[in-house]
Amino acid sequence: MKERLLYFLSKIGFCVGGVLFIGVCAFAQVTPTISSFSPGSGSISTSVTITGSNFNATANLNAVFFGATQATVTGATSTSLTVTVPYGANYQYISVTNLGTNLTAYSARPFVVTYATGVLNDFAPANNIIVGTGASILSASIGDMDKDGLTDLIISDSGVNLVKVYRNTSVGNNLSFSLSASLSTASVPRNIAVGDLNGDGYLDMVVGTSGASNIYVYRNKIASVGSLSFTTSLTLATNS
């Protein structure tokens, strides 16, 4: 009976939803795509419709980012997502990660954030961040690292060979940041980039260093919204 079944399946050459490998049906994961989004520009809180394929039909199983800032998904089908432009978004590409498959799509062009017309002639007094004695800041990056809707700050401190992550704790127009993580590097940290590297919906960090010429990859492993925790997943040597 088993031999007859295998013979029959081999004649068919496929099975529904996948490919036959020695009597086992393997289901292929299909990468999502973004074909368009509308409107192409708008202010913060604008509703944007993203059209494409292979999205998750459950809204909260799609992680949508405008650059490094996560948007709220208000509606979802497998071919269309409705999202709200988040506070902190700027001229960046849109990405969609299907959290059911951990696969990501990117838009072919950036979303253009617009602002009210008028003359820019005033700034509120700055809130200085004290980063420590002997600190020497070489670069900074921003992104919503803890998924609370506020853009956080990451700096490279070459004075003590640390990457420091400051949570955005602002309320309204009162800007404030709190040091939440300090990550040690064996050599001088310089450039920082953020992005979801493993498709889990959380922004990870890549830090380039000088001296030992290593690249450090830090995986974001937050347990809940508003908390920050990172682990060193990879250290890549670039001088070999």
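Asp146 is buried in this predicted model. The relative accessibility of Asp146 is 0%, and buried means under 20%. The side chain of Asp146 nevertheless has a charged partner, Arg167, with which it forms a salt bridge. The N to O distance in this pair is 2.5 Å. Asp146 sits in the loop between strand S11 (137-143) and strand S12 (152-157), while Arg167 belongs to strand S13 (residues 162-168), so the contact ties together parts that are 21 residues apart in sequence.

Arg167 also pairs with Asp148. In this salt bridge the closest N and O atoms are 3.1 Å apart. Asp148 lies in the loop between S11 and S12, and Arg167 in strand S13, so this pair ties together parts that are 19 residues apart in sequence. Asp148 is partly exposed, at a relative accessible area of 27%. Through shared partners, Asp146, Asp148 and Arg167 are joined into one salt-bridge network.

The search of the whole structure yields three salt bridges. Another of them links the side chains of Asp157 and Lys164, with an N to O distance of 3.1 Å. Asp157 and Lys164 are both buried. Side chains of opposite charge can pair when their charged atoms come close.

Aromatic contacts were examined next. The count comes to three aromatic pairs. One of them joins Phe37 and Phe111, whose ring centres are 6.2 Å apart. Their planes stand at 50 degrees, so the pair is tilted; the tilted class excludes angles over 60 degrees, which count as edge-to-face. Phe37 comes from strand S3 (residues 33-38) and Phe111 from strand S10, so the contact ties together parts that are 74 residues apart in sequence. Phe37 is buried, at 6% relative accessibility. Phe111 is also buried, with a relative accessible area of 0%.

Phe111 has a further ring partner in Phe66. This pair is edge-to-face, with 5.3 Å from centre to centre and 85 degrees between the planes. Phe66 lies in strand S6 and Phe111 in strand S10, so the pair ties together parts that are 45 residues apart in sequence. Phe66 is buried, with a relative accessible area of 0%. Ring pairs thus link Phe37, Phe66 and Phe111 into a cluster.

The second largest pocket holds about 370 Å³ of space. Its lining comprises 22 residues. Closest to the pocket centre are Gly67, Ala68, Gln92, Val194 and Gly195. Several strands give two or more residues to the lining: S6 (62-66), S9 (92-98), S10 (103-113), S11 and S15 (188-195). S9 provides the largest share, four residues. By class, the lining has nine nonpolar, twelve polar and one charged residues. Both domain 1 (33-113) and domain 2 (137-237) give residues to the lining, so the second largest pocket lies between them.

Some elements recur across these features. Strand S6 holds Phe66 and strand S10 holds Phe111, and S6 and S10 each give two or more residues to the lining of the second largest pocket. S11 is also among the elements that do so, and the loop between S11 and S12 carries Asp148.

Key:
Residues numbered from 1 in each chain as written. Predicted model: local features only at pLDDT ≥ 70, side-chain atom pairs only at ≥ 80, totals over all residues. Heavy atoms only, no water. Salt bridge = Lys/Arg side-chain N within 4 Å of Asp/Glu carboxyl O. Buried < 20%, exposed > 50% of the residue type's maximum accessible area, 1.4 Å probe, protein only. 1 Å grid on protein atoms, 1.4 Å probe; cavity = no way out; pocket = protein on both sides within 12 Å on 5 of 7 lines; lining within 4 Å. Points joined across faces, edges and corners; volume = space filled by probe spheres on them. Nonpolar A, V, L, I, M, F, W, Y, C, P; charged D, E, K, R; others polar. Domains from an automatic or database assignment. Phe/Tyr/Trp six-rings, centres within 6.5 Å; stacked < 30°, edge-to-face > 60°.
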